[in-house]
Amino acid sequence: MHICHLSLLNPAVHSRIFFKMATAQVQEGYRVTIIAQDAASSPYMLEGVQIIPLGVFGRKNWRRIWAVSKIARLARRLAADIYQVHTVELLSMAQKLKERSPRTKVVYDMHEDYVANILYADYYGEASRKVLAARVKIIQDLFPKWGDGLILAEDCFEGLVAFDPDRTAIVRNKFQGATHAEVGHKIGPQGLPFMLLTGTIAENWGLWEAIELWKSLNGIQPLGLVIAGHSQDRELLRELGRRVKASGLEERFVLAGGETYLPFVEVEMYIRACTFGVALYRLQKNIKDRIPTKFYEFMAHRKPLLFTSNPKWDALNAQFDFGMSVVWPCDGNKLAQISADFLADRSPFYGQSIPPEAWSWESEKHAMLGLIQKLIT
């Protein structure tokens, strides 16, 4: 039984697609291929998974259009039994694969609320957002008419696609390590304790709030900042550089990734080495009801997380004590508390009571494997 993962913008060696989905499927005995972005010049094997590289290109690059046709050709040639689609704009292409071979099964792995993302994220111009969001909604609404399985990465995605519940699985994006190597030295700036911002580098994801918090905390005691993530917005990265320079704290700052996608194995190294993480998200519709993946990642490593106060996240923190919520901007008393708790007294005690099932991918993979099994029997 051959499962082929198809993605347009995700890297092939992706935290969810490769380290969680594909490796679990290989361990279950399936033959697994991933067609996605990768810089390799030819196909290769990694941990039992065949990687077929598309090259590397940005969200707004013309190669995005060309890549859809290339994925279609490669997928037809593979003639897999199941295509697991991770990009909404590949669904129409996957429908044509199924029409050519009715025995083929197509599973839509919905990582994001893509309609809300387009409307609220800052990587598309305002003039085009409503048109793009409407187009994505049409594609998703058509999927139940021909698709075979639906995987949702968040509980709050239920109902966004009117799909048969018996062929739907919620597979939360919990933590699966990319490496078990320990960090043997400080990888932060100047050997200082450091605050870590991971993931997409974006305004809505709390970029400027993190910069301001870092500057304020440095007024209390020396603190580094590492941003380990990726952005395709060059002007945003230039503005980030300008703000760091204006802070007078350049020597206490590290940008890992930036325009270059940062492999998850490196992101995990920074999480292991950091003093605490920061997740000062702006609570727009595309984020406020979700549990961000970094929450699970920091729980797994017993690293405290400073996050935007939000009823859903506050309730989770009340259960597991993995960090501290704040209402931004923070006043002086709150800043002093953060400095004392995260940099001195309490940080080793955060997360001591977290059971593995709260953050571990092991609690989720069986739902994914169960859906696959249901489709082939």
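## The second largest pocket

In this predicted model, the second largest pocket is lined by D113, V115, A116, L119, K137, Q140, D141, L160 and K285. The space inside the second largest pocket comes to about 160 Å³.

Which helices supply at least two residues each to this lining? They are α4, covering residues 114-120, and α5, covering residues 126-142. If you sort the lining of the second largest pocket by class, you get four nonpolar residues, one polar residue and four charged ones.

## A cavity in the structure

Next, look for a cavity. The structure has one cavity of 30 Å³ or more, and the volume of the largest cavity is about 30 Å³.

Its lining is made of A153, E154, D155, R172, N173, I291 and Y296. Grouped by class, the lining of the largest cavity holds three nonpolar, one polar and three charged residues. Keep two of these names in mind: R172 and Y296 both belong to the lining, and each appears again below.

## Salt bridges across the chain

Side chains of opposite charge can pair when their charged atoms come close. How many salt bridges does the model contain? The count is 22.

One of them joins the side chains of D166 and K374, with 3.5 Å from N to O. This pair links distant parts of the chain, as its two residues are 208 residues apart: D166 is in the loop between β7 (149-152) and β8 (168-170), while K374 belongs to helix α12, residues 365-376. Are these two residues buried or partly exposed? D166 is partly exposed, since its relative accessible area is 47%, and K374 is also partly exposed, at 41% relative accessibility.

R172, which you met in the cavity lining, forms a salt bridge with E364, and their closest N and O atoms are 3.1 Å apart. R172 sits in the loop between β8 and β9 (194-200) and E364 in the loop between α11 (332-343) and α12, so this salt bridge ties together parts that are 192 residues apart in sequence. The two partners have their own accessibility values: R172 counts as partly exposed because its relative accessibility is 24%, whereas E364 counts as buried because its value is 3%. The cut-off behind these words is simple: a residue is called buried when its relative accessible area is under 20%.

## Salt bridges within a helix and in a network

Now compare a pair inside one helix. The side chains of E268 and R272 meet in a salt bridge, with 3.1 Å from N to O. Both residues lie in helix α8 (residues 264-273), where they are four residues apart, about one turn of the helix. E268 and R272 are both buried.

Salt bridges can also be joined up. A network of salt bridges links E235, R238, E239, R242 and R243, so try tracing these five names in the structure. 

## Helix α9 and its surroundings

Helix α9 spans residues 293-300 and is mostly covered, with eight of its eight residues buried. The buried residues of α9 are T293, K294, F295, Y296, E297, F298, M299 and A300. Here Y296 from the cavity lining returns.

What do the buried residues of α9 pack against? Their partners are α1 (17-27), β9, α8, β12 (276-279), β13 (305-308) and α10 (311-320). Among these is α8, the helix that holds both E268 and R272. Just after α9, R302 takes a positive phi of about 55 degrees.

## Two residues to find: H86 and Q95

H86 has its place in the loop between β5 (82-85) and α3 (91-100). Is H86 buried or exposed? H86 is buried, because its relative accessible area is 1%. Its side chain makes a polar contact with the side chain of H5, at 2.8 Å. Leaving aside residues up to four places away in sequence, H86 touches H5, L6, S7, N10, I17, D109, H111 and Y114.

Q95 is found in helix α3. With a relative accessible area of 27%, Q95 is partly exposed. Q95 and D331 are 236 residues apart in sequence, and their C-alpha atoms are 54 Å apart in space.

Note on methods: Residues are numbered from 1 along each chain as its sequence is written. This is a predicted model: local features need pLDDT of at least 70, side-chain atom pairs count only at pLDDT 80 or more; totals for chains, interfaces and linings use all residues. Side-chain values use heavy atoms; hydrogens and water are left out. A salt bridge is a side-chain nitrogen of Lys or Arg within 4 Å of a carboxyl oxygen of Asp or Glu. Buried means under 20% relative accessible area, exposed over 50%, partly exposed in between (1.4 Å probe, protein chains only). On a 1 Å grid over the protein atoms alone, a cavity is a set of points where a 1.4 Å probe fits but cannot get out, and a pocket is an open set with protein on both sides within 12 Å along at least five of seven lines; lining residues have an atom within 4 Å of a point. Grid points are joined across faces, edges and corners, and a volume is the space filled by probe spheres set on the points. Ala, Val, Leu, Ile, Met, Phe, Trp, Tyr, Cys and Pro count as nonpolar, Asp, Glu, Lys and Arg as charged, and the others, Gly among them, as polar. A polar contact is a pair of N or O atoms within 3.5 Å; within protein, one must be able to donate a hydrogen and the other to accept it, and residues adjacent in sequence count only if both atoms are side-chain atoms. Contact means heavy atoms within 4.5 Å.
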